[in-house]
Amino acid sequence: MKTMEIKLSIESILDNVPLIGAAVNRLCLLIPFSESDAHAVELCVTEAVVNSIKHGYHHEADHTVEVLFRREVDRVVITISDSGVPMNPQLLEEKKQSAIPFYPADIDSIPESGRGLAIMQSYMDDVRYWVEGQIKHLTLTKQIPDNKE
């Protein structure tokens with residue numbers, strides 16, 4: 001099977017993020033991933049795009065966030081790219097090591113933010129970050145289940 005890819009691009013406005021999420025979800029269903037897997041991949045990608053807008057661009061409009069969705073033989077590789085402020089790569093390792101704290105008896109203890117990288121690390125098979133010149137890339141990889149091919 002030949003590798004297939006599609007590039008999506010939005011302006012750095014949070015209201016644009018659902019467009020990316022919906023597109024990624026539908027692409028995942030074409031693979032076919034299950035509906036729950038498609039939703040989980042969508043969640044991870046939207047978390048990454050929101051992080052680009054919030055932390056990379058500090059909510060400034062007129063910047064671009066690109067999402068490259070690539071379907072390979074046995075996996076989906078999604079790269080989110082921006083030219084904003086770089087992320088501290090150490091955060092990926094820290095989030096991999098720590099679970100999201102949850103105490104059902106204390107709902108107020110659930111943090112309102114800071115869970116995106118942990119969500120990505122827990123669901124995706126591989127999460128990588130690198131800087132190439134002025135462009136920052138976060139790559140999310142998910143294996144395609146054998147029974148879904």
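Two strands are taken as paired where DSSP finds at least two bridges between them. In this predicted model, strands β4 (residues 126-132) and β5 (residues 135-143) comfortably meet that criterion, being joined by seven bridges in an antiparallel arrangement. Within the pair, Tyr129 has Leu138 of β5 as its bridge partner. Two residues lie between the strands of this hairpin, and Gly133 adopts a positive phi near 65° there.

It helps to place this hairpin in the overall layout. The protein contains four helices and five strands, and these follow one another along the sequence as β-α-α-β-β-α-α-β-β. Of its 149 residues, 39% are buried. Contacts between residues 24 or more positions apart make up 66% of those with a separation of 6 or more.

Helix α2 is a good place to look next. This helix covers residues 35-56, and its 22 residues should span 32 Å at 1.5 Å a residue; the C-alpha atoms at its ends lie 30 Å apart, so the expected and modelled spans agree. After α2 comes His58, which has a positive phi near 50°.

The interior of the protein can be described through its largest nonpolar core, a set of 33 residues in which Val45, Val49, Ile78 and Leu140 have the most contacts. Two or more residues each are supplied by β1 (4-11), α1 (17-30), α2, β2 (64-71), β3 (75-82), α4 (116-123), β4 and β5. Both strands of the hairpin described above are thus among the contributors, while α2 gives the most, with eight residues. The surroundings of Val49 illustrate how the core is assembled: beyond its neighbours within four places in sequence, Val49 touches Ile10, Val17, Ile20, Val65, Val67 and Ile80.

Helix α2 also packs against α4. Two packed helices are described by the angle between their axes and the distance between the axes. Here the axes of α2 and α4 come within 9 Å and cross at roughly 145°, and the crossing is left-handed. On the α2 side, the contact is formed by Asp37, Ala40, Val41, Leu43, Cys44, Glu47, Ala48 and Asn51. The α4 side provides Gly116, Leu117, Ile119, Met120 and Tyr123. The spacing of such positions can be read against helix geometry: an α-helix has 3.6 residues a turn, so residues three or four places apart point the same way. In α2, Ala40, Cys44 and Ala48 are included in the contact with α4, whereas Val45 and Val49 are among the residues with the most contacts inside the core.

Definitions and conventions
Residues are numbered from 1 along each chain as its sequence is written. This is a predicted model: local features need pLDDT of at least 70, side-chain atom pairs count only at pLDDT 80 or more; totals for chains, interfaces and linings use all residues. Side-chain values use heavy atoms; hydrogens and water are left out. The expected span of a helix is 1.5 Å times one less than its number of residues. A nonpolar core is a set of buried Ala, Val, Leu, Ile, Met, Phe, Trp, Tyr and Cys residues joined through side-chain atoms within 4.5 Å. Buried means under 20% relative accessible area, exposed over 50%, partly exposed in between (1.4 Å probe, protein chains only). Contact means heavy atoms within 4.5 Å. Axes are lines fitted to C-alpha atoms, for helices over the stretch in contact, and angles run from 0 to 180 degrees between N-to-C directions. A crossing is left-handed if the near helix is turned anticlockwise from the far one by less than a right angle, and right-handed if clockwise.
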